[in-house]
Amino acid sequence: MSDFNLPKYDRVRSWIRTASEHGWTWEAIAYMNQSNMDGLRQELRGQIIRDFWPADLKVEGWLQLVRSEEEAQKSKLELAFRNDSAFLTDKAAHNGVTVPDDPNSSWVLYKKHLKNSGFSDNSISEIETATVEVLGRLTKEMPDGKPVKGMVVGHVQSGKTANMAALMAMAADWGWNMFIVLSGTIENLRKQTQNRLFGDLHRDGNIQWTGLEHLSLNSSLGQRVQDLNFTDIHKRYFSVCLKNPKRLEHLIRWMQADLKKLRQMKIIVIDDESDQGGINTAKKEADRSRINKLIVNLVEGKNYKGNDISARPMAMNYIGYTATPYANFLNESLPESLYPRNFIRTLQPSDEYFGPKQIFGVAGTEDSDGLDILRTADEADLEQMKQLHKGKINELPAAVVESLAWFLCAASAIRLSGYKKPISMLVHTSQLQQHHQNVAEAIGIWLEDARNEGTLLTACEEVWRRETNQFSVHTFETQFKSYPLPIKDYPAFREIKTGIIRLVSEISHIPMNEDNHLDYHEGIHLCIDNCSNNGVNDENMVVRLAYPDPASPNYPKTAPAFIVVGGSTLSRGLTIEGLVSSFFLRASIQADSLMQMGRWFGYRRGYELYPRIWMTKSTREKFRFLAELEYELRDDLKRYMVAGEDPSQYGPRIKNTPKATWLRITAANKMKNVTAAEMDFSGTNVQTVVFSEEKEILKHNIEVTEKFLESLGEGTPSRTKESIIWRKVPFERIKEGLLINQYQFHARASVFNQMEAFCEWYERSASEAGYQEWNVLAAGVKSENANGLLWEVPGGVVGQVNRTRLDSHSNSLDKSVSIGVLRAPKDLYEDIHEGAIDPAELIRANNDSIRKAREDAGLGTTPLLILYRINKDSKPSESKTSKPKEPATGKTRPPRVPLGVDEDIIGMSIWVPGVKSKTFVKTLTVKINREDFDVEDEAGDISDN
């Protein structure tokens, strides 16, 4: 038998992959688009002669190669599911690019740079995969005159610039010669991007990179378009341009100053933070906002006024990069817009990434609690901060004092470990510059007074003991199971005392030395980062944040420490290095802006145990909602990728906020294309995690659930004896007996609060989707393990489950209790017959293995309803309370507390299989409350978002 993995069959495998990328079905590929086996044999012989395929390739071998490639593609999709990445594309042909392997290629040299910069092999592999996939969808010629438009969705603070540089490096190797990066609205951040890209790409290899700046008809010699050589196979050009009307106008006029040169350009436009600056916010449908119009003119090959010209570039590609794509999806999808009609690619950060899901948790998942690093700023803290903003007092709220004490402890401990990079604290309470000044002065006064009065070490030790007990190495490993690196434990307080004293020995802005270089000291650099503090002050100090250059010969020997007080610059672009303590009050009412303010997202190598965040309960709930929004959007994109959906037809579904006055998805003037369209619940995997505390509602839900189960007759014990099963239950019985006008769902129970829409969709789509009748489970624990707490149902008994209250997410105002997660993943295997499941699957028990196991067991189209009875006296285990060894002090509370309700709670889980071959929605389904008014923020100033 032939070994089809040999290199001599590479051209054959490439032909198969290309046919698949052109949209051929696997059956058409197997028959080489011929009608029968005779036609296949004849075409195969011709292919062997024409393309010098191996002469020993017979029909049987050909079909084996096709099956192998088909399985490889399925495995790739399954891997994408596991890796949380997705790639939706149109049906255009792949352009044939592959990963360069020449040691002197721009890509291989950049790859080495990533490795030397500390990127893990897994991270580099994901960057490479995403880059070659995106590059494969770009055009090097435009026979139809239409540019390619796509989007890359990253994560906040997750190395997006590295992915942009990777795309430029690999594209340069394949002949694209002009790169335009659209970058924000702040000049110093634009300059940073320009310098970083040049530093990342400029290497002694095959490609010679030239950075172009401030392009216009008045550009200097060597920067004019007529001076550049786009036909030289070694030369590549890039320019980082602000999203500023004048800059964009000058850029377009520069490009079109020499039409011969324009025709030689193979352009890739990279729109950094594409949901900002370039979104169309014009009120009238026929109009465009100025910046958006100029970017559209640039991409569509028109002049700056929007008129056609007599020449076009050889190729034009537009790629929007963002971590918050809500405005991009909700804005517009006209042909002449920036909507990603050709492809959407989501990026997967490595397992070392601290993201919204890890920090704030996602309800209904194993990570529902999030990391125990969030601390509460209460009403007293807010009131005192308002007085401080107004200048009526200069005393800090208690929560700010705690966060400062923690910063001093953490910075000293991290320095002790040998860490050399900057260590920072962030204080964000207002947008107003005078407020920043007042807060910074109060911080300086407290630090000096605590040092001089001898109370500093006492305050620090109190916070250190509480925090290190509450969030230990064991807690971290329990709550962040996928983290791949070893974690070093905290030192004893006595080991960090000297370092704390050294930190407060000098408190100042950043001094300038006699040579006008920044001169960092071992104390604290107190920075106020807003535009009123540009330049050097009267004391020859820099007030704004400026980290030392790692390549500088004068880089400080001790890790420099910074306390950063700021406002609007935190929304985009500003990276806070070594962030270990954050006091965050001001909460934007816009989801995308709020998410971008999450400076605590990112990588925390070497100081994983130390990050802490102080914020209000309301702000925590908003971030938790955003974590769920992001999780569901990415999961949605993955499902539609498997279904082969075309991004020009599919409108990504974005979870709507409960109330527009609480949080909007994005600014109202960016949501031009929002429609309340048909919902698609295929692939639904939800569970009730928020319940009413009212006794009468809880009693009612027990009564209607037990009446419903009685109507089903006697069930049968499951394979594990932990559940009772009713098979082949008609949906009509479930709907009428339980879901509609029977069980009372909480208003915040996602999907369950849209039960009428769900039932209407299911009845309309079940036949088309091929869904079978439902299985129903009463699930719990084995009766002998239930400590006598049993639930009697027709056909047997199951043990009640123990679920505790997630105190920070429950709400006394609406009398709700939140448990974070209800269903154990293994419960989705309960209706699988004995012998129909691999025991190894029970160990993994993630969504992907569950889907596969149910399909293998013949339940791939069988929806599942699981019911639980939660014991009203449920109490947390010792590991869930995270109680300190000594009595806790201060305001920090354990994350888990007893359930504390008057009646047992009936919980519910619904699993509806996803359908790979068909989708049931083509347009965006978001209903937005369009009320648009100013909202007073937490710290007392008026929101300007």
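How many of the six residues of β24 are buried? The legends below, drawn from a predicted model, take up this strand and its surroundings before turning to the nonpolar cores and the cysteines.

**View 1. Strand β24 is mostly covered**. Six of the six residues of β24 are buried. On one side of the strand, Trp774, Val776 and Ala778 are buried, and on the other side Asn775, Leu777 and Ala779 are buried as well. Both faces of β24 are thus covered.

**View 2. Strand β24 pairs with β23 and with β29**. With β23 (residues 723–729), strand β24 (residues 774–779) forms an antiparallel pairing over five bridges. Within this pairing, isoleucine 724 stands opposite alanine 778, and isoleucine 725 has leucine 777 as its bridge partner. The pairing of β24 with β29 is parallel and also runs over five bridges. Here leucine 777 stands opposite isoleucine 866 of β29.

**View 3. Six strands form an open, mixed sheet**. The order of the strands is β20-β31-β29-β24-β23-β22. Strands β20 (685–687) and β22 (716–717) stand at the edges; each has a single partner strand, so one side of each is left without a neighbour in the sheet. Helix α22 (residues 695–711) lies across β23, β24, β29 (864–870) and β31 (905–911). The helix runs at about 135 degrees to β29.

**View 4. The largest nonpolar core has 104 residues**. Phe407, Leu408, Ile443, Ile563, Trp600 and Tyr610 have the most contacts inside this core. Helix α15 (residues 398–416) supplies the largest share, 12 residues. A second, separate core of 65 residues includes Ile725, Trp726, Ile740 and Ala778.

**View 5. Isoleucine 563 and its contacts**. Neighbours within four places in sequence are left aside in this view. Among the residues in contact with isoleucine 563 are Leu404, Phe407, Met425 and Val427. Ile443, Leu447, Ile524, His525, Leu526 and Cys527 are likewise in contact with isoleucine 563. Of these contacts, cysteine 527 counts as buried, at 0% relative accessibility.

**View 6. Cysteine 409 is in no disulfide**. The structure holds zero disulfides. For cysteine 409, the nearest cysteine sulfur is that of cysteine 460, 4.2 Å away; a disulfide would require the two sulfur atoms to lie within 2.5 Å. Cysteine 409 is buried, with a relative accessible area of 0%.

Terms used. Residues numbered from 1 in each chain as written. Predicted model: local features only at pLDDT ≥ 70, side-chain atom pairs only at ≥ 80, totals over all residues. Heavy atoms only, no water. Pairing = 2+ DSSP bridges. Helix = DSSP H or I, 4+ residues; strand = E, 2+ residues; numbered from the N terminus. Contact = heavy atoms within 4.5 Å. Axes fitted to C-alpha atoms, helices over the stretch in contact; angles between N-to-C directions. Buried < 20%, exposed > 50% of the residue type's maximum accessible area, 1.4 Å probe, protein only. Core = buried A, V, L, I, M, F, W, Y, C linked by side-chain atoms within 4.5 Å.
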